[in-house]
Amino acid sequence: MPKRIASIIFDVNSPDFFSPLAQARRSVRGYLSTPVPDALLHDVMRLARLAPSGANLQPGAFIAVQGSVRAQLCAELVASWRAGEQEKEDYDYFPNPMPMTLRRRQVAAAQALYGALGVARDDRAGRDAQFEQNFRFFDAPVALIVTMPHGFGSGGYMDLGMTLYGLMLAAHAKGLSTCAIGALASYPGLIRKHLALDASSHIVCGMALGYADPEAPVNQTQTTRCELDEYFKVMG
Ligand SMILES: Cc1cc2nc3c(=O)[nH]c(=O)nc-3n(C[C@H](O)[C@H](O)[C@H](O)COP(=O)(O)O)c2cc1C
C-alpha cells in the first residue's frame, strides 16, 4: 500500500469535507514508481471534468504520454532546455514586466522549493537540476499534456483552470498527488511534433500525477498564501 505524505480521512457525510482536502493538497515533485491503475486515472479524469465552464463548452483536453513517446519527448525537452533553445509560447502566462508585489510571491515560492532541497540561492547548478525535472514530469508514473483548441481567449483558460484544480483535488481525495507543469508551455512546437498535433492544439501545461514519495526532500516544500484582505474586501 503506497504511503501518503499526510493521511487524512475524508468523510463525505461530514458538513465540511472540503476544508481538509483543500488544505492538504500540495504540489508534489517527488514520486514513487508505483503505477497508477488505469481505472483510477480514468475516475480522476471523469471527476475533473465535472468542473463548470462558460456555456458548458468544457474546453481543453488531456493526453497521457507513455512508453517510447514519453521517453523521446522528455529526452528532446531536456536537450532543448540544456541547449538554451527557445520557442514562442502559445499564450502569455505571467505579466511582463512582473510587478514587485507578484515578484515577491514568486521569489517566496522559489525559496520554499529550493529551501526544501537545501539548494542555495546562488547555486545555479542545483536550481537547474531541479528545473530540469519539469521536463521529465518529475518521474511521475502518469505524465499529462494539457491542450486547448486554438481560438479560446482568457475565458477558456479560466474554464480549463477549474478542470485542473478539480483534477488535483480528485486525485488527492484518492490518495494521489499532482503537480502542474507550466514550464512545458515553453516548447509547444516540440510537444506538438512528438504528439502528432497540429497548430490548432495549443499547449497549455503538463501535469505530473502519482503516489507521493514521502522520503523525497522536495516534497517538504510548503508555500503560503497572501492575507485575505489582499484579495477580498467588502464594500457598501
Ligand atoms: C498552472 C500551473 C503551472 C505550474 N507550473 C509549475 C512548474 O512548471 N514547475 C513547478 O515545479 N511547479 C509548477 N506549479 C506549481 C506551483 O509552483 C505551486 O502550485 C505554487 O507554488 C503553490 O504551491 P502548492 O501547489 O504546493 O500549494 C504550477 C502550478 C500551476 C497551477
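How many of the 10 residues of β4 are buried? In β4, 9 of the 10 residues are buried, so this strand is largely enclosed by the rest of the structure. A residue counts as buried if 20 or more other C-beta atoms lie within 10 Å of its own, as exposed if 12 or fewer do, and as partly exposed in between, with C-beta atoms placed from the backbone.

The structure is a predicted model, in which local features need pLDDT of at least 70 and side-chain atom pairs count only at pLDDT 80 or more, while totals for chains, interfaces and linings use all residues. Residues are numbered from 1 along each chain as its sequence is written. Helices (H or I, at least four residues) and strands (E, at least two) are DSSP runs, numbered from the N terminus.

**Domain record**

UniProt, in an unreviewed entry, places the feature "domain: Nitroreductase" at residues 23-211. The UniProt positions follow the numbering used here, feature names are shortened, and annotations may be inferred rather than shown by experiment. Over residues 23-211 the chain is 44% helix and 14% strand. The end C-alpha atoms of that stretch are 18 Å apart.

**Strand pairing**

Strand β4 covers residues 201-210. Two strands pair if DSSP finds at least two bridges between them. The pairings are listed below.

| Strands | Sense | Bridges | A pair of opposite residues |
|---|---|---|---|
| β1 and β2 | antiparallel | 4 bridges | Ala64 and Leu144 |
| β2 and β4 | antiparallel | 8 bridges | Leu144 and Met207 |
| β3 and β4 | antiparallel | 5 bridges | Thr178 and Leu209 |

Leu144 of β2 thus appears in two rows: it stands opposite Ala64, and its bridge partner in β4 is Met207. Another residue facing β4 is Met148, which stands opposite His202. Strand β2 is itself mostly covered, with 7 of its 8 residues buried.

**Helix α2**

Helix α2 spans residues 38-48, and its buried residues are Leu41, Val44 and Ala48. Seen down the axis of α2, these buried residues fall within an arc of 60 degrees, so they line one face of the helix. The arc is that of the directions from the helix axis to the C-beta atoms. In general, an α-helix has 3.6 residues a turn, so residues three or four places apart point the same way.

The buried residues of α2 pack against β2 (142-149) and α6 (154-173). Contact here requires that the C-beta atoms of two residues, placed from the backbone, lie within 7 Å. The face of α2 turned away from its buried side carries the exposed residues Asp38, Ala39, His42 and Arg46.

**Loops on either side of α2**

Tyr31 is found in the loop between α1 (18-24) and α2. This residue is buried, with 25 other C-beta atoms within 10 Å. Not counting residues up to four places away in sequence, Tyr31 touches Phe138, Asp139, Ala140, Pro141, Ala208, Gly210, Tyr211, Ala212 and Asp213. Tyr31 and Ala199 are 168 residues apart in sequence and 32 Å apart in space, C-alpha to C-alpha.

The loop between α2 and β1 (61-64) contains Leu57, and Asn56 lies in that loop as well, as does Gln58. Asn56 counts as exposed, with 7 C-beta neighbours inside 10 Å. Leu57 is exposed, with 12 other C-beta atoms within 10 Å, whereas Gln58 is partly exposed, with 15. Phi is positive in two of these non-glycine residues: near 55 degrees for Asn56 and near 50 degrees for Gln58. Leu57 and Asp159 are 102 residues apart in sequence but 8.6 Å apart in space, C-alpha to C-alpha.

**A cis peptide bond**

Asn96 and Pro97 are joined by a cis peptide bond, with omega about 5 degrees. Pro97 is found in the loop between α3 (67-82) and α4 (100-117).

**Ligand surroundings**

Which residues surround the ligand? They are Arg26, Ser27, Arg29, Ala109, Asn134, Cys179, Ala180, Ile181, Gly182, Ala183, Cys205 and Thr223. A residue is included if its C-beta atom, placed from the backbone, lies within 6 Å of the molecule. The largest share of this shell, 3 residues, comes from strand β3 (residues 177-181).

By class, the shell has 6 nonpolar, 4 polar and 2 charged residues. Ala, Val, Leu, Ile, Met, Phe, Trp, Tyr, Cys and Pro count as nonpolar, Asp, Glu, Lys and Arg as charged, and the others, Gly among them, as polar.
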